[in-house]
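Thanks for coming, everyone. I would like to walk through a few places in this structure slowly, so please keep the sequence and the picture in front of you while I talk.

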Amino acid sequence: MAKPKHSHLSLTHLIIFIFITITSSLPSLASNRPPRFLGKFSRSSPPNSPSPPERRQQQQKLIKYETRYFAQNLDHFSFSETPKFQQRYLVNAEHWVGPQRQGPIFLYCGNEGDIVWFAENTGFVWELAPRFGAMVLFPEHRYYGESMPYGSEEEAYKNASTLSFLTAEQALADFAVLITELKRDWSAEGCPVVLFGGSYGGMLAAWMRLKYPHIAIGALASSAPILQFEDIVPTETFYDIVSNDFRRESSSCFNTIKESWDALMTEGQKQNGLHQLTKTFHLCGELKRTEDLVDWLESAYSYLAMVNYPYGSEFMMPLPGHPIREVCRKIDGCPDGTSTLERIFEGISVYHNYSGKADCFELEDESDVGTDGWNWQACTEMVMPMSSSRDRSMFQTYDYNFSSFQEWCWKQFNVKPRPTWITTEFGGHDIKATLETFGSNIIFSNGLLDPWSGGSVLQNVSESIIALVTEEGAHHIDLRFSTKGDPEWLVEQRESEIKLIQGWLDKFYQEKKAAFDM
């Protein structure tokens, strides 16, 4: 049978920021897995798009860029000789009004993946460029895409020594050095820079504004969970939000999913149980462990919560608008007598096979788990604790287990995590007082359907550090291309962002003019 084109999608993509151990009687789901962001999808082939052809054509007209490379320092924080690497960046100056008019530069902070994928899925920046007369710049994050130190991915990911330069601090320094040198080359030293970023890229945008305020005048940090560290937010927050997204659509759907984990494990322990699960879930290959199927399902539920957009989308795979509503409609709509696991299959097919073109599903081969840069980042500084609560979560119950996480990281990389380093480097505790004193010009935008919103800034900090929160928004939906079907709250959110960015630029130009007139 033909395999679905998206068969590569499974828990390896799961955006869990921790390693955990199941403390109930059920086996561990993710105790040996690193955290994930959406960048994993940047390795994927684009799915068959359900978007209307005219919409795709309109979007493609806006996405135009030159691909260039910059000789970047491998280590910005040492004066010893280290080899350079070629950092890829995408640039478009079609609408830029130029250095004479101090045209702004819109810089998107590259995430953990191929920068082309992020550029193609960040329509808001492209739509703003002509409105502001701005240059658009998408620099790629080191160790991802084509921006590989040591000449190749194989050499860059060789061991802990070669990976030691893969950090958020080094990536921010890359962005700072790149934009400084490019502005010098373009005689654009007087041009203001505005930062954009979503998810991990949003975290980088906020941190860069704080670390390099002389380089960028402001940052739009969308769905940026900068507080998802240590004990700043409750560890169960992420999974509670995912679960609530399902419960708000249907309590029976929530309960069916919650009951399914026991049903899965019970079936898997029977004689020929794995074979029966293989048939029930239409897997391409014979299931070897029940845990692999559990992980596959858990991954899909979490991603559904993140992309629970009010309109159809396709940047991960084809999905309908309000996809969780559709999943629950399928689960609840099965005829009387349908088993729990058969209901789960009907629901999960909305995520894995909405196009209806997949004959079977293949659970991902995890042999490449050690060759992904995000695994390294999760095992060093991006340590974000998570757990699943007994009552509010539809997932299996487990507590955060740092020891298990640490053992896995040592086994994979011979490295020990530093769970307090991010808050030492960038802050996080008592964030309101800190940002109010030392920060300015940052927008934290979040939708409360997004499970990562629980780890972000959800209240205004000051007159210039603003939280834009929408009840129906999902993962950095504001950075997506606008559509005719955008709800009014999304239109208003983007207009608020535009107004704030315009205010930053107006103030910058006024201060420049005042200094010139003196």
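Let me begin with a pair of helices, α3, which covers residues 123-132, and α18, which covers residues 488-517; they pack at an angle of about 45°, and their axes are 12 Å apart. Please keep in mind that what we are looking at is a predicted model. Angles from 35 to 65 degrees fall outside the parallel and perpendicular ranges, and α3 and α18 are therefore described as oblique to each other. The crossing that α3 makes with α18 is right-handed.

Which residues of α3 and α18 meet? On the α3 side they are Phe124, Leu128, Arg131 and Phe132, and on the α18 side they are Arg494, Glu495, Glu497, Ile498, Ile501, Gln502 and Leu505. Sorted by class, this contact has six nonpolar residues, one polar residue and four charged residues.

Just before α3 in the sequence, we come to Asn121, which sits in the loop between α2 (115-120) and α3. Is Asn121 buried or exposed? Its relative accessibility is 15%, and because the cut-off for buried is under 20%, Asn121 counts as buried. A polar atom of the Asn121 side chain lies 2.7 Å from the backbone oxygen of Trp117. If we leave aside residues up to four places away in sequence, Asn121 touches Phe315, Leu479 and Arg480.

Now let us turn to a second pair of helices, α9 (residues 251-268) and α11 (residues 290-306), which pack at an angle of about 160° with their axes 10 Å apart. Since an angle over 145 degrees counts as roughly antiparallel, that is how α9 is placed relative to α11. This crossing, too, is right-handed. From α9, the contact involves Ile257, Trp261, Leu264, Met265 and Gly268, while α11 contributes Thr290, Glu291, Leu293, Val294, Leu297, Glu298 and Tyr301. By class, that gives eight nonpolar, two polar and two charged residues.

My last stop is helix α14, residues 373-380, where eight of the eight residues are buried, so the helix is largely enclosed by the rest of the structure. Those buried residues are Gly373, Trp374, Asn375, Trp376, Gln377, Ala378, Cys379 and Thr380. And what covers them? The cover includes α5 (160-163), α6 (168-185), α7 (200-211) and α15 (402-413). At the N-terminal end of α14, Asp372 acts as a cap, with a side-chain oxygen 2.9 Å from the backbone nitrogen of Trp374.

Methods. Residues are numbered from 1 along each chain as its sequence is written. This is a predicted model: local features need pLDDT of at least 70, side-chain atom pairs count only at pLDDT 80 or more; totals for chains, interfaces and linings use all residues. Side-chain values use heavy atoms; hydrogens and water are left out. Axes are lines fitted to C-alpha atoms, for helices over the stretch in contact, and angles run from 0 to 180 degrees between N-to-C directions. Helices (H or I, at least four residues) and strands (E, at least two) are DSSP runs, numbered from the N terminus. Angles under 35 degrees count as roughly parallel, over 145 as roughly antiparallel, 65 to 115 as roughly perpendicular and the rest as oblique. A crossing is left-handed if the near helix is turned anticlockwise from the far one by less than a right angle, and right-handed if clockwise. Contact means heavy atoms within 4.5 Å. Ala, Val, Leu, Ile, Met, Phe, Trp, Tyr, Cys and Pro count as nonpolar, Asp, Glu, Lys and Arg as charged, and the others, Gly among them, as polar. Buried means under 20% relative accessible area, exposed over 50%, partly exposed in between (1.4 Å probe, protein chains only). A polar contact is a pair of N or O atoms within 3.5 Å; within protein, one must be able to donate a hydrogen and the other to accept it, and residues adjacent in sequence count only if both atoms are side-chain atoms.
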